[in-house]
Amino acid sequence: MDDDLWSAIGDPTRRRMLDLMLVDGTGTATSLSQQMSVTRQAVAKHLVVLDRAGLVRSAPAGRERRYRVDDAQLARAVGQLTEVGAAWDARLRRIKQIAETIQRSE
């Protein structure tokens with residue numbers, strides 16, 4: 001598991017920013033802040049975290065930077081989440097088996 005990746009995705013504001021960029025294709029700190037209830041400066045700080053985690057890539061756009069979601073890194077996150085889900089499903093099945101065994105023996 002990539003802790004930096006999950007730390008970046010774990011924040012609801014950053015998840016919302018990723019959602020907006022997935023819908024719009026790209027976004028700048030200004031355009032994203034206009035669609036959210038946070039300041040442009042806060043959005044810029046969140047974008048740095050997303051960039052460090054590899055979830056977004058940026059390119060200069062005038063006086064700003066235009067960000068887009070990195071599809072490969074997002075796919076990696078989805079894959080990791082799928083693995084975690086499968087591991088928890090296996091644990092829950094085992095707990096159910098243990099509970100059923102206990103119930104039958106009573």
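Good morning. Let me begin with a definition: helices, labelled H or I and at least four residues in length, and strands, labelled E and at least two, are DSSP runs numbered from the N terminus. The structure before you is a predicted model, and my subject today is its salt bridges.

A search of the whole structure finds 3 salt bridges. I shall take each of them in turn.

I start within helix H5. Glu-100 and Lys-96 meet through their side chains in a salt bridge, at 3.9 Å from N to O. Because these two residues are 4 apart in helix H5, about one helical turn separates them. Lys-96 is exposed, at a relative accessible area of 51%, while Glu-100 is partly exposed, at 33%.

Next, consider Glu-64 and Arg-40, whose side chains form a salt bridge at 3.1 Å, N to O. Which parts does this pair tie together? Glu-64 belongs to strand E2, residues 64-69, and Arg-40 to helix H4, residues 40-52, so the pair ties together parts that are 24 residues apart in sequence. Arg-40 is partly exposed, with a relative accessible area of 34%.

I turn finally to Asp-70 and Arg-57. Their side chains meet in a salt bridge, at 3.1 Å from N to O. This pair links distant parts of the chain, 13 residues apart: Asp-70 is in the loop between E2 and helix H5, and Arg-57 is in strand E1, residues 56-61. Is Asp-70 buried or exposed? Asp-70 is buried, with a relative accessible area of 12%, whereas its partner Arg-57 is partly exposed, at 36%.

Thank you for your attention.

Note on methods
Residues numbered from 1 in each chain as written. Predicted model: local features only at pLDDT ≥ 70, side-chain atom pairs only at ≥ 80, totals over all residues. Heavy atoms only, no water. Salt bridge = Lys/Arg side-chain N within 4 Å of Asp/Glu carboxyl O. Buried < 20%, exposed > 50% of the residue type's maximum accessible area, 1.4 Å probe, protein only.
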